[in-house]
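Me: I would like to go through this structure with you, beginning with one helix and then turning to the pockets.
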Amino acid sequence: MHRVVFNQKGGVGKTSITCNLAAIGASQGLRTLVIDLDVQGNSTHYLVGEIDAEQYPAEAQGVVGLFKQMVGPRRMRQNPDSFVWETPYDNLYLLPSSPFLAQIEKELEAKYKIYKLRDALEKLDEEYDRIYIDTPPNFNFYSKSALIAANSVLIPFDCDSFARQSLYELMDNIDELQEDHNPDLEVEGIVINQFNAQARLPTELVDELRAEGFPVLDQYLNSSVKMRESHHEMRPLINLAPSHKLTQAYVALHDRLEKGLKKRRR
């Protein structure tokens with residue numbers, strides 16, 4: 001199962017949703033991989049902290065190593081799992097990001113390697129029960145590669161008017177990509193993030209999205225200082241504060257997604 005978390009708007013919680021859902025699955029016994037395709041490397045920092053550049057050369061590690069070998073001689077290519085790192089958490093693994101992603105993007109585009117991530121994930125399926133992909137906040141080579149490789153996409157929505165306007169363009173881009181590259185890609189749902197039930201605007205925006213037919217999931221993620229603490233401590237919520245209200249909201253969202261997956265497989 002390949003699940004990509006994507007929105008063209010930044011600051012909507014892609015990394016938080018990716019890493020926390022993955023960590024919950026891992027805590028429940030699912031062998032889970034997080035792939036960080038964002039050059040900023042937020043998921044990488046969240047799960048493993050700062051990377052020692054001398055010990056792990058950025059140009060050869062993680063997703064950069066995986067992509068770079070795709071433009072090299074076939075005989076020199078390694079198994080994709082050789083680029084995967086362990087994290088401090090049982091069953092949770094990481095393909096870390098790197099600033100070098102920005103440097104190799106044009107070469108990958110020029111050589112039309114847009115389907116190579118999908119090929120790599122088919123091999124990684126043998127090792128992992130769930131694969132989550134964190135994406136950059138734009139519709140570029142890496143986010144397109146993720147959407148082509150994915151079975152489903154989750155769309156974070158942070159309840160402001162700018163997010164609503166960008167959602168229309170996002171859905172159009174996903175529709176076009178489904179038509180041209182991945183007809184089996186499913187929009188699993190819109191995840192309402194940083195929700196404030198006491199404010200009028202968020203409730204109105206969500207109601208309007210539902211009225212327009214957008215697939216809004218029922219499990220909302222509230223604003224909480226606990227998420228900032230989680231980022232600071234570099235520990236997913238399920239490992240930092242398993243009984244916290246926000247953690248339980250994530251668990252409910254995870255369980256809802258797993259239930260839907262089981263229904264689709266029948």
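Me: How many residues of helix α3 are buried?
Reply: In α3 (residues 62–70), 8 of the 9 residues are buried, meaning under 20% relative accessible area with a 1.4 Å probe and protein chains only. Helices here are DSSP runs of H or I with at least four residues, and strands are E runs of at least two, numbered from the N terminus. This is a predicted model, where local features need pLDDT of at least 70, side-chain atom pairs count only at pLDDT 80 or more, and totals for chains, interfaces and linings use all residues. Residues are numbered from 1 along each chain as its sequence is written, and side-chain values use heavy atoms, without hydrogens and water.

Me: Which elements cover the buried residues of α3?
Reply: Among them are β2 (32–36), β4 (92–95), α4 (101–110) and α5 (116–124), with contact meaning heavy atoms within 4.5 Å.

Me: Now the pockets. What is the volume of the largest pocket?
Reply: Its volume is about 480 Å³. The closest to its centre, of 24 lining residues, are Gly13, Thr15, Ser16, Gln194 and His231.

Me: Which element gives the most to that lining?
Reply: Helix α9 does, with 4 residues.

Me: And the second largest pocket, which residues lie nearest its centre?
Reply: Gln69, Arg77, Lys116, Asp119 and Lys123 do, out of 11 lining residues. Gln69 is also one of the buried residues of α3.

Me: What defines a pocket?
Reply: On a 1 Å grid over the protein atoms alone, a pocket is an open set of points where a 1.4 Å probe fits, with protein on both sides within 12 Å along at least five of seven lines; lining residues have an atom within 4 Å of a point. Points are joined across faces, edges and corners, and a volume is the space filled by probe spheres set on them.

Notes
Buried means under 20% relative accessible area, exposed over 50%, partly exposed in between (1.4 Å probe, protein chains only).
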